Amino acid sequence: MTPYIPLIDISPLYSNKREHWSAVAQQIDDACQQSGFFYVTGHTISAQQMEKVTALAKHFFALPSEEKLKIDITATQHHRGYGAIATEQLDPERPGDFKETFDMARNLDLASPEVLAGTPLHGPNQYPDIDGFAEEMEEHYQLMLGLGKTILKGISVALGIEPDYFDSRFTHPISVLRFIHYPPFEKKCSDDQLGAGAHTDYGCITLLYQDDSGGLQVKNRAGEWIDAPPIEGSFVVNIGDLMARWSNDRYCSTPHRVINPAGKERYSSPFFVEPNFDTDIYCLEGCSTPENPPKYPAISAGNYLLSRFKETYAYRQEIS
């Protein structure tokens with residue numbers, strides 16, 4: 001019996017021969033329809049790479065609050081920088097999340113065409129004053145984007161569209177690299193506060209590195225919360241709302257949450273694989289029938305993400 005969150009070796013997707021992709025694509029298709037979650041191994045991101053960038057993130061989160069707040073995410077329109085505890089509220093039924101974050105995206109200078117045009121979510125990153133931090137994180141961003149595109153190739157094959165379909169939609173993506181620190185739950189201000197409240201991810205797909213602390217939970221079709229424990233050398237992949245819309249709900253954008261572990265800190269790093277801001281999200285060819293017509297009107301990826309950020313971040317509600 002296939003696990004609810006299966007483990008998939010994606011190494012065949014790196015082959016130049018199309019006939020090597022089909023078996024992996026079938027596994028991805030099954031997982032995306034069954035749970036919207038799967039683990040991947042056989043990728044090209046080494047354990048040493050993850051250890052290096054996680055150590056930098058830990059260094060940053062260990063800084064005094066006044067140092068971290070020098071790059072406060074709420075002080076920029078570009079949604080980059082440090083998010084203090086409770087800045088994000090993923091579940092509106094609960095208090096703000098008991099975690100702190102660092103977010104970055106493509107690092108654009110103020111003279112770039114997108115910034116000059118005032119395109120939302122485009123701008124310079126905010127980095128802490130830590131030697132090598134910016135350079136290492138920008139290199140890691142590109143590695144994670146490469147992994148995301150590889151998985152998207154598998155999804156393209158699974159959906160029966162051209163394997164390079166998503167390439168032109170990711171020429172200047174608004175993908176986000178995030179690092180998260182979850183303090184021990186004993187320090188919570190409220191019993192109702194979770195590390196990350198129940199939510200679905202907003203974008204295309206998410207690639208999650210998690211340490212060995214545990215805490216990630218996924219809601220299954222029966223409405224039960226099941227653990228998604230860390231598996232060494234893997235990333236957790238889940239479908240977001242944009243891919244659910246693209247696939248006309250063939251693929252599930254599944255609720256999940258994080259329970260802070262007892263007596264220890266937890267560190268994780270999601271990479272949110274998002275397309276170009278102006279990419280139109282509409283029902284893909286082959287994902288509708290006369291009996292199952294398109295469910296959602298077309299919307300640009302950027303405008304959809306902005307609408308969801310306003311629900312999640314109080315400071316975004318003040319930004320037009």
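## Strands 5 and 12

Strand 5 (residues 176-182) and strand 12 (residues 266-273) run antiparallel and are joined by five bridges. Val176 has Phe272 in strand 12 as its bridge partner. The model described here is predicted.

## The sheet

Strands 5 and 12 belong to an open sheet of eight strands, ordered 1-2-10-7-12-5-4-3, with mixed pairing. At the edges are strand 1 (7-9) and strand 3 (81-83), each of which pairs on one side only. On average, neighbouring strands of this sheet are turned by 25 degrees against each other, direction ignored.

## Helices on the sheet

Helix 2 lies across several strands, including strand 3, strand 4 (100-104), strand 7 (205-210) and strand 10 (235-239). Strand 5 and strand 12 are also among them, and helix 2 runs at about 60 degrees to strand 5.

Helix 5 packs on the sheet too, where it touches strand 2 (37-41), strand 4, strand 5, strand 7, strand 10 and strand 12. The direction of helix 5 makes about 125 degrees with that of strand 7.

## Helix 2 against helix 5

Helix 2 (residues 47-61) also packs against helix 5 (residues 133-159), with the axes 11 Å apart and an angle of about 135 degrees. Angles over 145 degrees count as roughly antiparallel and 65 to 115 as roughly perpendicular, so these two helices are oblique to each other. Their crossing is left-handed.

From helix 2, the residues in this contact are Gln49, Met50, Lys52, Val53, Leu56, Ala57 and Phe60; from helix 5, they are Phe133, Glu136, Met137, His140 and Leu143. By class, the contact has eight nonpolar, two polar and two charged residues.

Methods. Residues numbered from 1 in each chain as written. Predicted model: local features only at pLDDT ≥ 70, side-chain atom pairs only at ≥ 80, totals over all residues. Heavy atoms only, no water. Axes fitted to C-alpha atoms, helices over the stretch in contact; angles between N-to-C directions. Helix = DSSP H or I, 4+ residues; strand = E, 2+ residues; numbered from the N terminus. Parallel < 35°, antiparallel > 145°, perpendicular 65-115°, else oblique. Left-handed = near helix turned anticlockwise from the far one by under 90°. Contact = heavy atoms within 4.5 Å. Nonpolar A, V, L, I, M, F, W, Y, C, P; charged D, E, K, R; others polar. Pairing = 2+ DSSP bridges.
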